[in-house]
Amino acid sequence: MMKRRDFLEWSGLALAGAALPGGAWAAGAAGEAQGTGEAGHQLIQLTERPQNLATPLEFFDRAITPTDVFFVRSHFGPPALNPKRRLRVGGMVGHALDLGPEDLKGFEEVKITCVLQCGGNGRSFHRPRVPGVQWGHGAMGQAEFTGVRLADVLKKAEVQAGAGHVQLVGADTPPKPTVPRFVRSIPLERAMDPTTLIAYRMNGEPLTLAHGAPLRLVVPGWTGNHWLKWLSEVNVQKDEQDGFYMQTGYRYPKQPIQPGQAVPPDQTMPLSVMPVKSIIGRPGQGTTVKVGPQEVVGVAFSGTAAIKRVEVSVDEGQNWTEAALEGEGGPGRWQVFRYRFEVTAPGTYQVMARATDAQGNTQPKEPNWNPSGYLWNAWHSVTWAVVA
């Protein structure tokens, strides 16, 4: 049985290398390595083996995150690129399937715009600190994914009575036999949801290797650990997958706990739906601008429902004003928010943002602390300087 310490090491700190979406490496500011995308944009490198690459906050001011600055997360690094890799569907089905790229063309093609967010996004802000990759806000992005419904594939395979879960296996492998493979499962109900896709394109282009080529799962509204990359096997089964990454890793307390409190395993549950959240993309923390009109721009989303409103405060949370929302809303889909105001005097200014979704869930002032640092969604604040 793998120990938690080993899980933290292999899932975030010391694994085989992964591929950058596109481009070469360059030295970043303050000694921080960065990846340069095709358009010259910079991904922020948190760890090298495997590469954990974050999206800069300045890109959270638009509906679609460019692929070359879309964050990258993997456990072991990618397998060799194989555009002809086949997808095998088995387990509790009437007809096992062995699907190649051409076979997938026989299913209806669909497109979905949605947020992909690592469950550990914001981990570095939890206090007391927790182990794992110290993500800031950059382990998230929104893209248009194109593929086929997992439900359509499962219907063709004819799921048998008594099935309850769908196991998902990728083509990536751990660096040594003592490390378990990254295998996940989702409830059959979620697998049959019409928004759950087997995707092969991202933002209109074939998936990059770093983002799961040739096939990855897309599970809108749910945390990224369910969005299995390099998908090679789909197995229908009665029970939840019993491996390490379901029963020990990626679990969250069933009830709120005090910061620093230990949680017995039987009091935890697998991560699933993302909480409501907003992040400010502009102005950037510590930037300097001129006196005059100011604009606060960011994104807001919830895994449960569409965003109802985003409020901003420029007086440390004493008063809140509703920002304008742009774009189409929906569960697991972000909208851009925009707030403009006038600054007539030089000084240091701070803005805070909080979101509320259509089901009444509101972004909290403080996050729910947990030992793995998952689901950080506290109010986001930015401080910047205004000069004459």
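This passage walks through the overall make-up of a predicted protein model and then turns to one sheet, one helix, and the spaces in and on the structure.

A good place to begin is the chain as a whole. The secondary structure of the protein chain comes to five helices and 25 strands. The chain has 388 residues, and buried residues make up 55% of them. Its accessible surface amounts to about 16400 Å², with 51% of that area belonging to carbon and sulfur atoms. When contacts with a separation of 6 or more are considered, 71% of them are between residues 24 or more positions apart.

Among the strands, five form an open sheet with mixed pairing, in the order 18-25-24-20-21. At the edges of this sheet are strand 18 (288-290) and strand 21 (321-322), each of which pairs on one side only. Strand 24 (residues 347-357) and strand 25 (residues 380-387) run antiparallel and are joined by seven bridges. Within this pair, Gly-347 stands opposite Val-386 of strand 25.

Of the helices, helix 3 (residues 150-157) offers a helpful example of a mostly covered element, as six of its eight residues are buried. Those buried residues are Leu-150, Ala-151, Asp-152, Val-153, Leu-154 and Ala-157. The chain then continues to Glu-158, just after helix 3, which takes a positive phi of about 65°.

The empty spaces of the model come next. Rolling a probe the size of a water molecule over the atoms shows where empty space is left. The structure holds two cavities of 30 Å³ or more, and the largest cavity has a volume of about 270 Å³. A total of 21 residues line this largest cavity, and Arg-73, Arg-216, Gly-224, Trp-227 and Lys-229 lie nearest its centre. Sorted by class, the lining of the largest cavity contains eleven nonpolar, six polar and four charged residues.

Turning to the pockets, the largest one has a volume of about 680 Å³. It is lined by 28 residues, of which Leu-57, Phe-125, Gly-136, His-137 and His-380 are the closest to its centre. Two elements, strand 3 (42-47) and strand 25, give two or more residues to the lining of the largest pocket. Strand 25 gives the most, with three residues; this is the strand already met in the sheet, where strand 25 is joined to strand 24. The lining of the largest pocket divides into 13 nonpolar, eleven polar and four charged residues.

The second largest pocket holds about 340 Å³ of space. Its lining consists of 16 residues, and those closest to the centre are Pro-83, Pro-101, Tyr-200, Pro-206 and Pro-214. The elements that give two or more residues to this lining are helix 2 (101-104) and strand 11 (197-202). Helix 2 gives the most to the lining of the second largest pocket, with three residues. By class, the lining of the second largest pocket has eleven nonpolar residues, one polar residue and four charged residues.

Terms used
Residues numbered from 1 in each chain as written. Predicted model: local features only at pLDDT ≥ 70, side-chain atom pairs only at ≥ 80, totals over all residues. Heavy atoms only, no water. Pairing = 2+ DSSP bridges. Helix = DSSP H or I, 4+ residues; strand = E, 2+ residues; numbered from the N terminus. 1 Å grid on protein atoms, 1.4 Å probe; cavity = no way out; pocket = protein on both sides within 12 Å on 5 of 7 lines; lining within 4 Å. Points joined across faces, edges and corners; volume = space filled by probe spheres on them. Nonpolar A, V, L, I, M, F, W, Y, C, P; charged D, E, K, R; others polar. Buried < 20%, exposed > 50% of the residue type's maximum accessible area, 1.4 Å probe, protein only. Contact = heavy atoms within 4.5 Å. Areas by Shrake-Rupley, 256 points an atom, 1.4 Å probe, with all protein chains shown as cover.
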